[in-house]
Each structure stands twice: as C-alpha cells, then as structure tokens.
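Trainee: Could you take me through the reasoning behind some of the descriptive terms used for this model?

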Amino acid sequence: MASDRIFNFNAGPAALPLVVLEEIQESFLNFKETGMSIMEISHRSKAFEEVINDAVARTRRLLDLDENFQVLFVQGGASMQFCLVPMNLIAEGKSADYVDTGTWSTKAIKEAQLQKKSIRVAASSEDRNYAYIPRDIAFSRDAVFVHITSNNTIKGTQWADFPQTGGIPIVADMSSDIMSRALDVAKFGLIYAGAQKNIGPAGVCMVIIRNDMLDMVPDTLPTMLNYKTYAAKNSLYNTPPCFAIFTVQLVLKWLEETVGGLAKMEAINRQKAGLLYDYIDSTDFYRATAEAGSRSLMNVTFRLPNENLEKQFVQEALDNGLGGLKGHRSVGGCRASIYNATSLEAVAALVDFMDSFKRDHG
Ligand SMILES: Cc1ncc(COP(=O)(O)O)c(C=O)c1O
C-alpha cells in the first residue's frame with residue numbers, strides 16, 4: 001500500500017483499487033498517446049468510444065448478460081433512478097410493488113408517489129427498525145415490476161436470496177452491492193447502481209435494462225429522462241461523464257483480469273465479512289445491528305456500549321489509519337463498509353484495532 005494511504009471504510013464515495021488510481025495517474029496527462037487528458041478529449045473521439053464500449057463489454061461478460069439487456073450510463077445518481085424507474089415503467093393503468101427495507105427504498109417509494117403512480121408497498125421491515133429483510137412476500141399478480149434495494153447501505157442488511165415473484169421482473173437498486181457477488185440476471189428487468197461504492201467515482205449511474213422493459217417506456221417522456229434515448233445512442237446522446245465512465249472501465253478491468261470475476265470477488269467478500277462478523281459475535285462489547293440471515297456483506301453496522309465510546313472508537317481508529325467508520329448520521333453507531341476494493345488486509349487490521357480498543361475500554 002502507498003505509505004500515506006489509509007484503510008478506507010467509507011460508505012460512498014468509497015475505496016477504489018489502488019492499481020486503478022495509479023493507472024489513472026499514469027495516463028492522466030497523455031491518454032493513449034492523444035497528447036491530452038481523458039478529461040480533455042471529445043466524447044465523440046475513437047479513444048473515448050473504446051472506453052465506453054469496453055466498459056459495456058466488461059459489464060456484459062462479468063454479469064453474463066445476453067443481447068436482451070442494454071447497459072446504460074446515466075447521470076443524476078441512484079436518486080435520479082428513484083424518479084426515472086416509475087416514470088419510464090409504470091404506464092397509465094399499471095401498478096408496481098415495492099419492498100421497503102429502509103431509507104433508500106423509502107425514498108424510491110416516495111418518488112413514485114410524488115408522480116401519483118399506482119404502487120403498493122408489498123412488504124416492509126419498518127416494524128423492527130429495518131434490521132431484517134422481509135421473506136415470503138405475497139406480490140400483486142398484476143404488478144409490472146417488484147422494486148427492491150438489494151443492499152441497504154445504512155441499516156447493513158442485504159437480500160441473500162432474491163424474492164420469488166412468480167415471474168414478475170425485479171427492479172433492483174444495487175448501488176451498494178453491484179458486482180460484489182455472482183448474480184443470475186434472469187429474474188431482473190432493471191438494475192441500477194450509483195457507481196461510487198463498488199464500481200467507480202460519483203457522477204455516473206449504471207443502468208442495466210431488459211429489452212421488454214424498454215418497450216414499456218412511453219415516447220412522450222422528455223428526451224433526457226427516457227431510457228430509450230440512452231439505449232439508442234450508447235449513452236452518448238449528450239456529453240456523458242467521461243472521466244467517471246473511464247474509471248468504471250478500469251475498475252471492471254481490475255475485477256475481470258486481476259480478481260478473476262464475480263464468483264472470486266464474492267468468495268473474498270464472504271471471507272472479509274465473515275472475519276468481521278465472527279469477531280463482533282465473539283464479544284459482548286460490540287453488537288451487530290442487523291439480524292442474522294439478513295446481514296450485509298458490504299456494510300457491517302455495529303454498536304458499542306455507549307455513544308461516547310463510539311465517538312472515541314471512530315476517532316482512535318482514524319488515528320490508527322482506519323477511516324470512515326462512523327455510522328450514517330440518521331442511525332448513529334458504527335459502520336465498516338467493506339466494498340470490493342477494501343482488502344482482507346484492511347479488515348484484518350480493523351479487527352485487530354477493535355480488539356485492542358475493547359481491551360482498553362471494555
Ligand atoms: C442503496 C443506495 N441507493 C441510493 C443511494 C443514493 O445514491 P446517489 O447519491 O447516487 O443518488 C445510495 C447512497 O448512498 C444508496 O446507498
């Protein structure tokens with residue numbers, strides 16, 4: 001590790017693979033012998049076209065997407081998708097089901113309601129403070145999609161298995177776990193993910209949409225809010241966030257060529273999360289907040305005996321080169337986000353620090 005870098009447990013924007021940052025640094029002033037930075041070249045140039053096409057091709061290979069799916073790059077973050085999904089996919093007279101598993105799903109629901117779309121909250125885990133993922137949900141048979149948040153960044157829960165929907169396509173916000181595990185895309189009609197946790201920097205959102213969902217989009221939508229615009233123009237209808245897409249391309253290259261694909265990434269992520277949860281479960285000093293069976297492999301949320309100790313923990317951790325461990329401001333506590341680019345070595349260092357903090361304060 002470069003000596004002045006810390007172990008980064010930020011929830012997003014989050015750690016990027018060091019080799020990716022170094023590759024950006026090396027190519028920054030003279031991208032592919034153009035004599036210009038990637039930030040200075042035309043989005044219509046051959047050099048950039050290769051970048052975006054390679055990012056799409058790698059996404060297709062990593063997720064094993066067939067020609068039925070389109071890969072799009074959209075600005076506005078995942079929050080923009082909360083609005084675009086119902087706008088594009090719930091036509092007049094149609095309805096969709098949503099599952100409420102905390103802040104981000106609640107926001108997605110609100111955006112559909114703001115547009116006066118017909119939606120039903122088919123299940124919610126609000127009754128136990130969103131500490132679990134609901135199971136055995138009865139979905140409406142005529143729903144055009146079922147919306148879920150596959151990983152709940154704030155509450156530290158994750159769908160281990162996706163719900164049985166009786167063939168209704170799932171629309172998933174995968175902002176905080178995209179490309180972190182092997183995925184069977186057959187159940188999904190649309191997947192979206194803000195890049196800034198697992199696949200890149202802020203500024204771009206990846207949208208993977210199945211052609212039959214694209215067919216549902218009305219032509220009357222404003223051009224930039226219509227998924228068909230992005231699909232028809234390879235996300236190049238207007239100037240896209242070139243630098244963010246370039247970084248995504250490099251992260252996907254790292255995933256494919258260095259890590260060796262999603263099954264391998266998942267094995268590493270399971271090892272990292274296992275190490276941390278096993279340690280937390282072995283003590284009375286730390287307490288995991290998500291219920292067993294619903295725990296996230298990406299965001300490990302936990303409490304200490306009191307808030308003062310939590311504050312001290314976060315500060316002392318930072319003093320020891322372990323950053324970003326404060327829980328989301330809406331829930332407090334502590335959170336270690338251990339996305340793809342956070343190494344096993346970083347998690348082992350965290351566990352060591354947690355143990356010494358416990359010995360000093362327990
Ligand atoms: C699961 C999830 N969805 C949506 C968002 C919002 O993303 P953005 O800031 O890109 O709009 C976040 C941000 O942390 C998130 O974790």
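Mentor: Gladly, bearing in mind that the model is predicted. A place to begin is Thr247, which sits in helix α7.

Trainee: Why is Thr247 called buried or exposed, whichever applies?

Mentor: The relative accessibility of Thr247 is 1%, and the cut-off for buried is under 20%, so Thr247 counts as buried. Leaving aside residues up to four places away in sequence, Thr247 touches Leu16, Val20, Ile24, Ile199, Gly200 and Pro201, while its side chain reaches the backbone oxygen of Phe243 at 3.0 Å.

Trainee: What makes α1 and α7 oblique to each other?

Mentor: The axes of α1 (residues 18–27) and α7 (residues 242–259) cross at roughly 130° and come within 9 Å. Perpendicular covers 65 to 115 degrees and antiparallel begins over 145, and the crossing angle of roughly 130° fits neither range; the two helices are therefore oblique. In α1, Val19, Val20, Glu23, Ile24 and Ser27 meet a set of α7 residues that includes Phe243, Thr247 and Trp254. By class, this contact has eight nonpolar, two polar and two charged residues.

Trainee: How do you know that the side chains of His43 and Arg44 make a polar contact?

Mentor: Their separation is 3.4 Å, which lies within the 3.5 Å limit, and although residues adjacent in sequence count only if both atoms are side-chain atoms, the contact here is from side chain to side chain. His43 itself, in the loop between α1 and α2, has 15% relative accessibility and therefore also counts as buried.

Conventions
Residues are numbered from 1 along each chain as its sequence is written. This is a predicted model: local features need pLDDT of at least 70, side-chain atom pairs count only at pLDDT 80 or more; totals for chains, interfaces and linings use all residues. Side-chain values use heavy atoms; hydrogens and water are left out. Axes are lines fitted to C-alpha atoms, for helices over the stretch in contact, and angles run from 0 to 180 degrees between N-to-C directions. Helices (H or I, at least four residues) and strands (E, at least two) are DSSP runs, numbered from the N terminus. Angles under 35 degrees count as roughly parallel, over 145 as roughly antiparallel, 65 to 115 as roughly perpendicular and the rest as oblique. Contact means heavy atoms within 4.5 Å. Ala, Val, Leu, Ile, Met, Phe, Trp, Tyr, Cys and Pro count as nonpolar, Asp, Glu, Lys and Arg as charged, and the others, Gly among them, as polar. Buried means under 20% relative accessible area, exposed over 50%, partly exposed in between (1.4 Å probe, protein chains only). A polar contact is a pair of N or O atoms within 3.5 Å; within protein, one must be able to donate a hydrogen and the other to accept it, and residues adjacent in sequence count only if both atoms are side-chain atoms.
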